[in-house]
Amino acid sequence: MERKKHHLKFGSAFDYAPAPETTPVALKKQYELFIHGEFVAPASGSYFNSINPANGKRLARIAKADHADVDRAVKSARQAFGNVWGPMDAAERGKYLFRIARIIQEKSRELAILESMDGGKPIKESRDVDLPLVAAHFFYYAGWADKLKYAFPGKAPEPLGVAGQVIPWNFPLLMAAWKIAPALACGNTVVIKPAETTSITAMHLAEIFQEAGLPPGVVNIVPGAGDTGAALVEHEGVDKIAFTGSTAVGKRIARSVAGTSKRLTLELGGKAANIVFDDCAIDQAVEGVINGIYFNQGHVCCAGSRLLIQESIHDDFVARLTRRIETLRVGDPLDKNTDIGAINSKAQLKRIQELVKTGEEEGAELHSSSCPLPDEGFWHRPSFFTGVTSSHRVAREEIFGPVLSIMTFRTPAEAVTLANDTCYGLSAGIWTDKGSKIFSIADQLKAGVIWANTFNKFDPTSPFGGYKESGFGREGGLQGLAAYVK
Ligand code: NAP
Ligand code: MG
């Protein structure tokens, strides 16, 4: 790809030399299901392709689990729960989790590369954000395994049994860690279905479970598409469903689980408002807004996809944002200088493009970076809309791509009204110099996570989850344990 030179305002021109990640990785041609501690072929014999979204080429063939395979996995998990993992001394369970966390750390470079190859996210994110958080989640919940009675004082927490877990493609390993670590720490066993476009790192995690000597059946991994997920959710042998994904699928799952004794937690979509007041540190806010929406190509449920700017600073802020997005580097996810990688799939790119088109048709003004895009693969320039109103689809629907919708407000009360005017309630951001304003605004926002003068910061000790159509239940922290005990 020909890269354009960026002209700095002090007159010099520069370009980065390519800095591709060259660590060798053990990518396999074919991945099998992981059931009862072993890699096994699917009953139906069917496989699907996982592609590299940065060039559209096939990376590997992945076994597709059907009803029979899911059934085998759930039975294995049930057996492991009853015979091994359930009765095991909690401190021993914790040791396994610590061991898994340490192996993840040892292999984190390789896992980060595989994550970037399969999912399209820039290596600096998978290496510096995803993988450290994956290990941190296992370490954190390893520590809780033998201390559950302190987490729930006065109670005797018991595991639920077999947890069926379904996860999306935007943070493949991290979502797996969010789900598996607390479930195991509480003494449950797991059957998990990764997303169709990003199963590879989950299969490498399975190898880590083997290496850690995790008893067979404690975690089973059944890749496949939506029907595999549905088979898992509907299976009678599952005691708890944990789902992260779209609100549409979440609602379907809620309906199918209703009337059964299964426990359910849902982490769904979002349309977060990032609220910028005129008294903020403006350059810091620009960086925060950039990170809020362009991080992971905007494939983030809690992305700050609506920007609410106080009217008096709108023009200045937009001018700074325009300059800043011109410097974002879009391209090879494995290049260490890349800021924005590939869109996860062709289907997702089409969804983004369609919604962007409605934004223009409904009268908002589109501003895009002029950066070059590679010829192959799936890409979208970092973009934002000005002149957006609350009724525009780009203000209401999740774009799940690097596209920001900008609106203005005059008073704090108006900012709160605009921010809450959505069916979602996952996250929000507040940018101001005044601590008192942070507290008063945060109090009024209907969002599960609220960042102040920062955005998209995650930590295993803090709970994460939504209000309204963003779902229910919390993952992370002490609260994340509650979803896996009775
Ligand atoms: P999705 O289409 O809902 O898929 C999520 C997972 O569910 C995938 O593994 C998918 O399999 C599976 N699935 C599809 N249909 C199913 C069914 N009928 N029954 C059971 N499972 C089914 O969502 P996505 O497009 O992958 O992910 C993007 C969405 O996830 C966004 O809306 C985003 O906001 C949300 N998300 C939320 C959070 C959070 O914590 N709140 C975090 C990350 C993402 P296939 O991949 O094979 O289709
Ligand atoms: Mg892929």
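I take helices (H or I, at least four residues) and strands (E, at least two) as DSSP runs, numbered from the N terminus. The model I am looking at is predicted.

**Entry 1. Whole chain**

I looked up the secondary structure and got 16 helices and 20 strands for the chain. I then checked the radius of gyration, which is 22 Å, close to the 23 Å from the globule rule for 486 residues, so the chain is as compact as a globular protein of that length. I also noted the box that the C-alpha atoms fill, roughly 65 × 50 × 35 Å along the principal axes.

**Entry 2. Domains**

I looked up the domain assignment. Domain 1 is made of two segments, 30–268 and 469–482, while domain 2 covers 273–459. I find their C-alpha centres 30 Å apart.

**Entry 3. Where the domains meet**

I asked how many residues of each domain are in contact with the other. The answer is 30 residues of domain 1 and 32 residues of domain 2. The two domains bury about 2600 Å² between them, and 60% of that is on carbon and sulfur atoms. I looked for the main contributors on the domain 1 side: Pro53, Trp169 and Ser470 supply 20% of the area that domain 1 buries against domain 2, more than any other three residues.

**Entry 4. Polar links across the interface**

I counted two salt bridges between domain 1 and domain 2. I also looked at the salt bridge of lysine 57 with glutamate 376, where the closest N and O atoms are 3.9 Å apart. The cut-off for a salt bridge is 4 Å, so this pair falls within it. For polar contacts across the interface, I have 12 residue pairs, both residues at pLDDT 80 or more.

Next I asked which helices each supply at least two residues of the side of domain 1 that touches domain 2. They are helix H3 (108–119) and helix H4 (123–144). H4 gives the largest share of that side, six residues. By residue class, the side of domain 1 that touches domain 2 has 12 nonpolar, 10 polar and eight charged residues.

**Entry 5. Glutamate 38**

I picked out glutamate 38, which lies in strand S5 (residues 38–40). Leaving aside residues up to four places away in sequence, I find that glutamate 38 touches Leu33 and Gln210. I also looked up its separation from asparagine 220: the two are 182 residues apart in sequence, but 9.0 Å apart in space, C-alpha to C-alpha.

Technical notes
Residues numbered from 1 in each chain as written. Chains lettered and ligands numbered in written order. Predicted model: local features only at pLDDT ≥ 70, side-chain atom pairs only at ≥ 80, totals over all residues. Heavy atoms only, no water. Domains from an automatic or database assignment. Contact = heavy atoms within 4.5 Å. Buried area = accessible area lost by both parts, 1.4 Å probe. Salt bridge = Lys/Arg side-chain N within 4 Å of Asp/Glu carboxyl O. Polar contact = N/O pair within 3.5 Å; in protein donor to acceptor, adjacent residues only side chain to side chain. Nonpolar A, V, L, I, M, F, W, Y, C, P; charged D, E, K, R; others polar. Rg over C-alpha atoms; globule rule 2.2 N^0.38 Å.
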